[in-house]
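Visitor: Please show me the structure, and then I will ask about the sheet, the helices and the metal site.

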Amino acid sequence: MLERIARNADDPALRARARRTLALTTAHATERRLTSPSAPAPSGAAAPNRMIADAGHKEQLPGRTVRAEGAAATGDKTCDQAYDWLGATFGFYETAYGRNSIDGAGLKMISTVHYGERYDNAFWNGEQMVYGDGDGTIFTDFTGPLDVTGHELTHGVTQYTANLDYSGQSGALNESVSDVFGSLIKQWHLGQTADQADWLIGQGLLAPSVHGVALRSMKAPGTAYDDPQLGKDPQPADMSGYVHTYEDNGGVHTNSGIPNRAFYLAAAAIGGHAWEKAGRVWYETLTGGSLPSAVDFAGFAAATVQTATRLYGAGAAETTAVSDAWKGVGVTK
Ligand code: ASN
Ligand code: ZN
């Protein structure tokens with residue numbers, strides 16, 4: 001998406017900023033790949049330990065601390081939103097799966113807001129969350145949508161568990177897992193069932209003049225936006241549209257549409273709160289310790305069917321739903 005803006009946007013300043021954002025995000029993604037899981041912090045009670053810092057529109061991390069755990073709201077909407085969404089994400093993982101923070105051992109949750117000048121992204125850098133304010137023309141404030149925070153922090157969960165290699169199919173799975181739990185965090189926060197959820201990622205993030213509803217759609221990949229500046233949502237909905245490219249680490253944000261839709265299909269077929277069954281299958285697959293870092297779609301599919309079989313039984317409706325979902329997107333036959 002940023003690659004498209006960097007090439008096609010009408011406004012040269014917007015193009016230049018997109019190029020800079022791409023360069024910075026790539027550097028951080030490399031950092032993320034190279035960070036090895038460090039020893040877990042000593043855990044206390046299962047309560048979040050949050051810290052919000054303000055970069056003051058510079059690109060230095062972490063920036064000036066503006067809100068520590070338990071401190072009163074600052075009055076800066078961006079800062080307070082980031083604080084609340086860290087809390088919601090902590091609450092989701094703790095309540096749904098008994099996970100104590102990102103590393104499972106009470107890791108301090110740090111977010112830097114107001115990063116860079118009109119910065120068009122949010123990212124997990126291996127240690128903390130970083131949010132840009134958005135350029136206001138294409139993107140609004142990245143602290144807005146809860147699923148964006150959930151997505152980035154889930155990169156942290158993945159780093160501490162399956163540590164999926166950030167390229168090719170394992171990279172698309174890394175991205176997809178972040179979308180899956182990002183969406184589930186929002187669904188949990190809103191108390192939605194699978195049929196009530198919008199299954200969008202980043203609803204509300206695109207500026208009003210952009211023709212689009214969100215960054216991605218898990219239910220209907222490829223339909224999230226179609227806009228002169230952004231182009232059309234490039235996500236495939238099944239294996240027949242798999243994109244072979246050298247950009248974006250082999251299309252990790254593109255091909256993630258395939259496993260995203262597999263999750264949606266499984267959750268929709270099972271019904272009810274998606275985090276309870278489909279989400280549990282994906283969570284235990286991700287964190288179970290037997291998934292290779294370089295796993296491909298077929299390997300991940302087999303692992304989810306194996307997890308569902310263990311949790312619900314071989315002939316169970318849940319297991320059939322998971323198995324059918326991967327057939328539905330052409331990963332298995
Ligand atoms: N927001 C992007 C992501 O989490 C940033 C990146 O690392 N490419 O996928
Ligand atoms: Zn991501």
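Guide: Contact here means heavy atoms within 4.5 Å. The model is predicted. By that contact criterion, helix H3 (residues 77-97) lies across S1, S2, S3 and strand S5 (129-131).

Visitor: At about what angle does helix H3 run to S1?
Guide: Axes are lines fitted to C-alpha atoms, and angles run from 0 to 180 degrees between N-to-C directions. On that scale, helix H3 runs to S1 at about 155°.

Visitor: Which strands stand at the edges of the sheet?
Guide: The sheet is open, with mixed pairing and the order S2-S1-S3-S5-S4. An edge strand has a single partner, so one side is left without a neighbour in the sheet. That applies to S2 (64-68) and S4 (122-124).

Visitor: Which residue in S3 does Met51 stand opposite?
Guide: Strand S1 (residues 50-54) pairs with strand S3 (residues 109-113) in the parallel sense, over 5 bridges. Opposite Met51 stands Ile110.

Visitor: Which helices do His151 and Glu175 of the zinc site lie in?
Guide: His151 (NE2), His155 (NE2) and Glu175 (OE) are among the donors that coordinate the zinc ion (ligand 2), at 2.0 to 2.7 Å. His151 and Glu175 are 24 residues apart in sequence, so the pair ties together two parts of the chain, helix H4 and helix H5 (residues 168-190).

Visitor: Is Glu175 buried or exposed?
Guide: Buried means under 20% relative accessible area. His151, at 4%, is buried. Glu175 has a relative accessibility of 1%, so Glu175 counts as buried.

Key: Residues are numbered from 1 along each chain as its sequence is written. Chains are lettered from A and ligands numbered from 1 in the order in which they are written. This is a predicted model: local features need pLDDT of at least 70, side-chain atom pairs count only at pLDDT 80 or more; totals for chains, interfaces and linings use all residues. Side-chain values use heavy atoms; hydrogens and water are left out. Two strands pair if DSSP finds at least two bridges between them. Helices (H or I, at least four residues) and strands (E, at least two) are DSSP runs, numbered from the N terminus. Donors are N, O and S atoms within 2.8 Å of the metal (3.2 Å for Na, K and Ca); water is not among the atoms, so sites may look incomplete. Buried means under 20% relative accessible area, exposed over 50%, partly exposed in between (1.4 Å probe, protein chains only).
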